Amino acid sequence: MGLFQITAKAEKHKLKLGKPSLESGMVAFQSFQRAMELQKATKADLLTLPLSKEWVKKAGYTDFRGHTESLADFFARETFMMMTGPRWKVVPLTTHVPLKDVVTELKRFPWESFARALESSKFSKKKKIGFLGLNPHAGEGGKIGGEEIEILKPAMEFLSLRGWKVEGPLSADSAFLPGTPKVDLILACYHDQGLIPFKLLEGKKGINRTLGLDFRRVSPDHGTAFGIAGKGIADPTSVLSCLEILTEGTK
């Protein structure tokens, strides 16, 4: 299906504010696809907005998993999601995968590519990384699962050899509490482990930054908010934070 193959009549009669549909899913994905093509042609930075994965898939793009994964496919690069706020920065090592697949995904995580992505960002060597354990209480030395020993410890050692100071594995239920030692970056084993506390603590100022690309890509950290579309009450704070990131150093 080509870009924007949707008629003016369809736009007028089928696209309704706050009402997701096959047409809205198609337009959302094709707009994102077009934005990637324009980036490749212009070498500009990229700000993407929320879309509904459910309706993108219903519109026929069944392989779509998310912006981060699509960016990786389109630009042929390993990409990594880094949630960024005034206080916390969190990278979920696995993103949009079922919980039952997390251990498998962690076993094949591309640590070499991730290290290069960190090194090319402002999170270069000498920064402090907090590594969350996968299991309750970070496995309690192997008593509650062996993933911390078998998977996470070698990864921590690898990052340490590359020049980072790595703390962990940390118990995820207390890593975000007030008074915890300051780290520059948190590595979470799966999506909700890192993003639930991040969004609770950073609120509307949080944004999503993509590591691993040759340009800056940012996005608000909230969803589509269909329920308030067109009512003039949406809060633009996260989008404004994205624009601030993209305009750093341009004044």
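This report describes selected local features of a predicted model.

## Backbone features out of the ordinary

Most peptide bonds are trans, and most residues other than glycine have a negative phi. Against that background, the bond joining Gly 168 to Pro 169 stands out as cis, its omega being near -5 degrees. Pro 169 belongs to strand β5, which spans residues 165–170.

Positive phi values occur at several alanines. Ala 138 has a phi of about 55 degrees and sits in the loop that runs between β4 (128–132) and α7 (147–161). Ala 225 likewise has a positive phi, near 55 degrees, and is placed in the loop between β8 (217–220) and α9 (237–246). Their surroundings can be described by accessibility: Ala 138 has a relative accessible area of 11% and is therefore buried, since buried means under 20%. Ala 225 has a relative accessible area of 41% and is partly exposed. A further alanine, Ala 76, follows helix α4 and has a positive phi near 55 degrees.

## Helix α4 and its cover

Helix α4 consists of residues 67–75 and is mostly covered, with 7 of its 9 residues buried. The buried residues are His 67, Thr 68, Glu 69, Ser 70, Leu 71, Ala 72 and Phe 75. Elements from several parts of the chain contribute to this cover. Among them are helix α2 and the strands β1 (46–47), β2 (80–84), β7 (207–211) and β8.

Helix α2, one of these covering elements, comprises residues 22–42 and contains Ala 28. Ala 28 has a relative accessibility of 24% and so counts as partly exposed. The C-alpha atom of Ala 28 is separated by 9.0 Å from that of Trp 55, although the two residues are 27 residues apart along the chain.

## The largest pocket

The largest pocket has a volume of about 580 Å³. Its lining is formed by 27 residues; Pro 50, His 222, Gly 223, Thr 224 and Ala 225 are those that lie nearest its centre. Ala 225 thus appears both here and among the residues with a positive phi. Helix α9 supplies the largest share of the lining, with 3 residues.

## Strand β5 around Glu 167

Glu 167 is located in strand β5, the strand that also holds Pro 169. With a relative accessibility of 30%, Glu 167 counts as partly exposed. Apart from neighbours within four places in sequence, the contacts of Glu 167 are with Lys 128, Ile 129, Gly 130, Phe 131 and Met 156. The C-alpha atoms of Glu 167 and Ile 186 are 9.5 Å apart in space, while the two residues are 19 residues apart in sequence.

Glu 167 also takes part in a salt bridge with Lys 165, in which the closest N and O atoms are 4.0 Å apart. Lys 165 is partly exposed, having a relative accessible area of 48%.

## Salt bridges within helices

The count of salt bridges comes to 11. One of them links Lys 58 to Glu 54, with the closest N and O atoms 2.9 Å apart. Both residues belong to helix α3 (residues 53–58), where they are 4 residues apart, or about one turn of the helix. An α-helix has 3.6 residues a turn, so residues three or four places apart point the same way. Lys 58 is partly exposed at 44% relative accessibility, and Glu 54 is partly exposed at 47%.

Helix α6 (residues 111–119) offers a second case: Arg 116 and Glu 112 are separated by about one helical turn because they are 4 residues apart. Their side chains meet in a salt bridge with an N to O distance of 3.8 Å. Arg 116 has a relative accessible area of 45% and is partly exposed, as is Glu 112 with 38%.

## A nonpolar patch on the surface

Ile 196, Leu 200 and Leu 201 make a nonpolar surface patch of about 330 Å². Leu 201 is part of helix α8, which covers residues 191–202. With 46% relative accessibility, Leu 201 counts as partly exposed.

Terms used:
Residues are numbered from 1 along each chain as its sequence is written. This is a predicted model: local features need pLDDT of at least 70, side-chain atom pairs count only at pLDDT 80 or more; totals for chains, interfaces and linings use all residues. Side-chain values use heavy atoms; hydrogens and water are left out. Helices (H or I, at least four residues) and strands (E, at least two) are DSSP runs, numbered from the N terminus. Buried means under 20% relative accessible area, exposed over 50%, partly exposed in between (1.4 Å probe, protein chains only). Patches are made of residues with over 30% relative accessible area and no salt bridge: like charges are joined within 9 Å, nonpolar side chains (Val, Leu, Ile, Met, Phe, Trp, Tyr) within 5 Å. Accessible areas come from the Shrake-Rupley method with a 1.4 Å probe; for residues, only the protein chains shown count as cover. Contact means heavy atoms within 4.5 Å. On a 1 Å grid over the protein atoms alone, a cavity is a set of points where a 1.4 Å probe fits but cannot get out, and a pocket is an open set with protein on both sides within 12 Å along at least five of seven lines; lining residues have an atom within 4 Å of a point. Grid points are joined across faces, edges and corners, and a volume is the space filled by probe spheres set on the points.
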